[in-house]
Amino acid sequence: MLENLEPKKVFHYFEEITKIPHGSGNTKAISDYCVAFAKEHGLAYWQDESNNVIIVKEASKGREKDAGVILQGHLDMVAVKAEGCEKDLENDGLDVKIDRDEIYAEGTSLGGDDGIAVAYALAILDSEEISHSRLEVILTVDEETGMCGANVIDLSMIKGKYLLNLDSEEEGILLTSCAGGLRGDIKLPIIYEQNSGVFYQISIKGLKGGHSGAEIHKERANAIKLGGRLLHTLQKICNFSIINISGGEKDNAIANYFTVDLLIEEEDTKELEVILEQMQKDWKQEYAVSDKDICIVIENKGIQTSSVFHPSVQQKMIFLLMNMPNGIQNWSMDINGLVETSLNVGILRTQKDYLELVTSIRSSVKSRKYALSEQLRYLAEFLGGEYTTFGDYPEWAYKRDSELREKMIAIYEKMFGKKPEIQAIHAGLECGLLLEKCPDLDAVSFGPNMKDIHTPKERLSISSTERVWNYLLEVLNQI
């Protein structure tokens, strides 16, 4: 599908990557693919137990004394699919399509984040014509679920001075710092009882979702939090019992759906449908800009008897959904328009013995990251639940005297006739963890235009991919 696109090698490797299932936690195959590439091209490599891969290519002739460069990206993608898509993302490749200047995957996310970094790196390693100093390519796993690969990777063999992180989604912007973060999981015990009533399945759909770091400031609706509002409103006027509840797919993706199965007394059914119709009208007004297609779908499945949450559990759950923080918590006082601290309620699941809520916490201020985490812990434990954290990663602090940044600004200005924007972002990047291991590195992050990452609407710009490729080659030529 992509064989006629330029740059040919970049899109060749990108399409090869899309054929390999590589959602977070499912990276063995793509890791082995990169190892096979290194063997085929006679390059030194390391592959650890976590499936992280490092590939080394020595400097071009005459550049042996130049400072080494690290190209870095991650192997995993946020593998999500649209409603009704039957693809098995654990075992199936993606169906890549072209729409004018954009590449997308039919029915699923594309994995441009961060497959394009892998494609860039392999295309450079595959060339004998590109001028470069010693190259060290670092490809990590499970970045999307807490930067687990970067957290454990051994970088003791790394010799490079400059780190080019290729995990950004907006051309013309050089990122020079980012927030730190962690994943916080709440487990609330469930006990059941038997009950009978009219079985309703109620779903909140039509939300845009999106990246919980890059798009949290857009005030998009979180379906899980709206589900809490819905249940809180219903319990004031209806008697119902919950059978099952779920929402969202990834801790770092804004939850774009919510579903609850419940039993309700027959005399309350008309009132329920009237209330839900009014809530949909209210939400369409509230989210007219950010989520204009929001809707509540109701399905009456008739009278049934089923196991349901005990009333005490149900009350605690609704309280938790209504009162846990979500969205922007603090704006930066140093950088205008930058989110400093946020929380995203990304996953809600009914397991056999407990209700599970998975959140993503981000902050460029370490103390506020931990304060928000402790707020969740206090709330969970107060309700008789458990709270655990995973994938804690540090912020990437701005470097005032970055030689790399200044060189890349000058190269960009000469190539494109304007200066790039220098930004800090709220989304997490692996630079902070890598700089903890190699504190003398000079780092910049950049990449081509992508939109709606972490969703089935994800798109990668073809022309931007080529422009950033040419820029990357010139950066390698000059540093």
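**Largest pocket**

I began with the largest pocket, which holds about 840 Å³ of space. The model is predicted, and I kept that in mind for every entry. I asked which residues sit closest to the centre of the largest pocket. Of the 44 that line it, they are Glu169, Gly213, Ala214, Ile425 and Ala427.

Next I looked up which strands supply the lining of the largest pocket. S8 (173–178), S9 (180–189), S16 (354–363), S17, S18 (421–425) and S20 (450–451) each give at least two residues. By class, I noted 16 nonpolar, 15 polar and 13 charged residues in the lining of the largest pocket.

**Second largest pocket**

I then turned to the second largest pocket, with a volume of about 540 Å³. It is lined by 29 residues, and those closest to its centre are Lys81, Ala82, Glu83, Asn256 and Tyr257. Two elements give two or more residues to this lining, S10 and strand S12 (258–264). Which element gives the most? I found that S10 does, with three residues. The lining of the second largest pocket divides into eleven nonpolar, ten polar and eight charged residues.

**Salt bridges**

I looked up the salt bridges next. Side chains of opposite charge can pair when their charged atoms come close. How many salt bridges does the structure hold? The count is 26.

I started with Glu83, already noted among the residues closest to the centre of the second largest pocket. The side chain of Glu83 meets that of Lys205 in a salt bridge, at 2.6 Å from N to O. The two come from distant parts of the chain, 122 residues apart. Lys205 belongs to strand S10 (residues 192–205), while Glu83 is in the loop between strand S3 (69–74) and strand S4 (96–99). Is each partner buried or exposed? Glu83 has 66% relative accessibility, so I entered this residue as exposed. Lys205, at 23%, is partly exposed.

The next pair was Lys87 and Asp95, whose side chains meet at 3.3 Å, N to O. Lys87 has a relative accessible area of 14%, which makes this lysine buried. Asp95 is partly exposed at 34%.

I also looked at Lys369 and Asp392, a salt bridge with its closest N and O atoms 2.8 Å apart. Lys369 lies in helix H8 (residues 366–382) and Asp392 in strand S17 (residues 386–393), so this salt bridge ties together parts 23 residues apart in sequence. Strand S17 is also one of the strands I had listed for the lining of the largest pocket. Lys369 is buried, because a relative accessible area of 1% falls under the 20% cut-off. Asp392 is partly exposed, with 32% relative accessibility.

Last under this heading, I noted a network of salt bridges that links Asp99, Arg100, Glu102, Lys451 and Arg459.

**Val80**

I closed with one residue in the loop between S3 and S4, Val80. Glu83 is in that loop as well. Is Val80 buried or exposed? Val80 is buried, with a relative accessible area of 6%.

I then asked which residues Val80 touches, leaving aside those up to four places away in sequence. They are Leu89, Thr108, Ser109, Glu249, Lys250, His454, Thr455 and Pro456. As a last check I took Val80 and Lys407, which are 327 residues apart along the chain. The C-alpha atoms of Val80 and Lys407 are separated by 38 Å.

Key
Residues are numbered from 1 along each chain as its sequence is written. This is a predicted model: local features need pLDDT of at least 70, side-chain atom pairs count only at pLDDT 80 or more; totals for chains, interfaces and linings use all residues. Side-chain values use heavy atoms; hydrogens and water are left out. A salt bridge is a side-chain nitrogen of Lys or Arg within 4 Å of a carboxyl oxygen of Asp or Glu. Helices (H or I, at least four residues) and strands (E, at least two) are DSSP runs, numbered from the N terminus. Buried means under 20% relative accessible area, exposed over 50%, partly exposed in between (1.4 Å probe, protein chains only). Contact means heavy atoms within 4.5 Å. On a 1 Å grid over the protein atoms alone, a cavity is a set of points where a 1.4 Å probe fits but cannot get out, and a pocket is an open set with protein on both sides within 12 Å along at least five of seven lines; lining residues have an atom within 4 Å of a point. Grid points are joined across faces, edges and corners, and a volume is the space filled by probe spheres set on the points. Ala, Val, Leu, Ile, Met, Phe, Trp, Tyr, Cys and Pro count as nonpolar, Asp, Glu, Lys and Arg as charged, and the others, Gly among them, as polar.
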